[in-house]
Amino acid sequence: GTAAISTGAELLIENSSMTLNGTANTSTGAGWLQVVGSGSLVLPAGSRLTADRVGFWDTSSISDPGELRVQYAAQWNVPANVTHVINGTQVNLLSTSVNQFVGTNRTLRLQNGARMQNAGTMNFNAAIQLKLESNSIYENAGTTEFNPSGTGNQAYVGSDDGTGLFRTLEGSITRFIPNNAFQMGFGVPVEFAGLVYANDGYQVTFAQGGLLKSTAKIWPNHPSSTITFAGATPLRVQGQTNEFSGTGAVRFSNTRLSFEDPTTDPADDPLIAAGATVAFVDATNTVEGNGMLSGTQFNFAGASTTINQATLRNSQGWNSNWIAAGGTLTLQNGARFINRGIFNLSTHIGSWTGTPGTLFHNESTGRFVHDTSSSTTLAVPFHNDGILEVRAGTLNFSSSYTGTGGVAASNGAKLTLPLSSTSLGLLPSSIQTIGAGSEITANLPNGDKLIALEANGGRLVAAGGGNMVAAGGGNILSHNGGVLVAAGGMNM
């Protein structure tokens, strides 16, 4: 059947059901088809209603697996504490449509395989809940905005049973736009291929893992905004053009970031380029699989972080911070951490360990700073081409240490370098002890002639007094323009 509804007119389906058969049902015009009271649209399999404008009020509902296609506008405006149910129906909001779900403490629930695809604009206004249950899907192909009103924090729930899916397609925009510090939690898996924004202090949590496709852009777009991935189900990553952007933080809480490598060719390893801060928080997090997470700033604040096969890379000119007091870092199966910026170890660790074949690489532009009064032992292979600086406490290496980068201990800090098995050409080019009490202990093989530790065009400096100990005996030489300076006294 067809209905033409003029401007200002309404056709009401009130406290009754309307069943639509076939695919030629239409509602056209500038007026509205309104489902009110306990009214419902029933769309059996194979049926379709194409409506220019349709509204849902009171305790109305939509059911059965047919299709509701909206050309220009759909509006849900149900009373407080009322749930609008879409039971198995396919709701398609076309690219020409502007739609909204409004009101405070209202719920939109999709269930039993229902799917709502928005190719136009969909606004969720005020304090609402979107529930995706029993294999239902919300799919954004256009622009979806969660824009609550009011004051204070609001808790949102994405699902009751965790079997639904929140999906965004390539080219789509999903925005969380509060006017206060709002929070939203999704209890369903996600599949992102579009842009996902969190603006103005919004805190969004996706608690059931999911998939980042190659075109996904995760964007906490305010210094106090966070987008958190949490839960036992991993967040999988495909492709090489994923981005974490913005001035906020992308957080991982008790979860796994899992790269899915399609082949054994390193050229197609997955990649995430992160301009936003990447933070590992709470208890246990893992980054796994052949892939790279390249970031401007990493914050390690969780009790345990494991890097398994994957590579993390900190960019030049940016800071990364270890603020996980008593936390552990474990590198496994060829995993690497590449530091091109500044890595600040500012609190005591539980342990840093690495299996054979793993590496912490402080590259030529990198600066690794130990700035905690505690005693730290790094049991991960460490290669230094930049600067290793110990400003406080004691730093020891129980695994291998190599690299021609500079080494400095200051302010009474102490450093032990295990150089006894280090190959020629991989020794520090500059060693400095600055300030009284500062000490660098270089463990050399007995009788080595500074073949194991050379000032070969470089400088060995003890400014202000300091101790350099060659444990087991050894000679320290200066040649090829190398300079040995003992300013203020030096004990050797």
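Trainee: How many helices and how many strands are there in the chain?

Mentor: In this predicted model, the chain has 56 strands and zero helices. The discussion of its features can therefore proceed strand by strand.

Trainee: What share of the 492 residues in the chain is buried?

Mentor: Buried residues account for 54% of the 492. The accessible surface of the chain amounts to about 18100 Å², and carbon and sulfur atoms contribute 48% of that surface.

Trainee: How should one read the sequence separation of contacts in the chain?

Mentor: One takes the contacts with a separation of 6 or more and asks what portion joins residues 24 or more positions apart. In this chain that portion is 49%.

Trainee: Which strand is joined to strand 13, and how do the two run?

Mentor: Strand 13, residues 106-111, is joined to strand 16 by five bridges, and the two run parallel. One of the bridge partnerships links R106 with I128 of strand 16.

Trainee: Is strand 16 mostly covered or mostly uncovered?

Mentor: Strand 16 spans residues 128-132 and is mostly covered, as four of its five residues are buried.

Trainee: Where is T277 placed, and is T277 buried or exposed?

Mentor: T277 belongs to strand 32, which covers residues 271-281. Its relative accessible area is 17%, so T277 counts as buried, the cut-off being under 20%.

Trainee: Which residues does T277 contact, leaving aside its neighbours within four places in sequence?

Mentor: With those neighbours set aside, T277 is in contact with G248, A249 and V250, and also with Q297 and N299.

Trainee: How many aromatic pairs does the structure hold?

Mentor: The structure holds 40 aromatic pairs. Among them is the pair of F146 and F166, with 6.3 Å from centre to centre and 45° between the planes, a tilted arrangement. F146 lies in strand 18 (residues 143-147) and F166 in strand 19 (residues 165-168), so this pair ties together parts that are 20 residues apart in sequence.

Trainee: Are F146 and F166 buried or exposed?

Mentor: F146 has a relative accessibility of 2% and counts as buried. F166, at 1% relative accessibility, is buried as well. The tilted pair is thus formed by two buried rings' residues, F146 and F166.

Trainee: A charged side chain may also be examined against a ring. Where does R175 lie with respect to Y197?

Mentor: One considers both the distance from the ring centre and the placement over the face. R175 lies over the face of Y197, and the distance to the ring centre is 5.9 Å.

Methods:
Residues numbered from 1 in each chain as written. Predicted model: local features only at pLDDT ≥ 70, side-chain atom pairs only at ≥ 80, totals over all residues. Heavy atoms only, no water. Buried < 20%, exposed > 50% of the residue type's maximum accessible area, 1.4 Å probe, protein only. Contact = heavy atoms within 4.5 Å. Pairing = 2+ DSSP bridges. Areas by Shrake-Rupley, 256 points an atom, 1.4 Å probe, with all protein chains shown as cover. Phe/Tyr/Trp six-rings, centres within 6.5 Å; stacked < 30°, edge-to-face > 60°. Lys NZ or Arg CZ within 6 Å of the ring centre and 35° of its normal.
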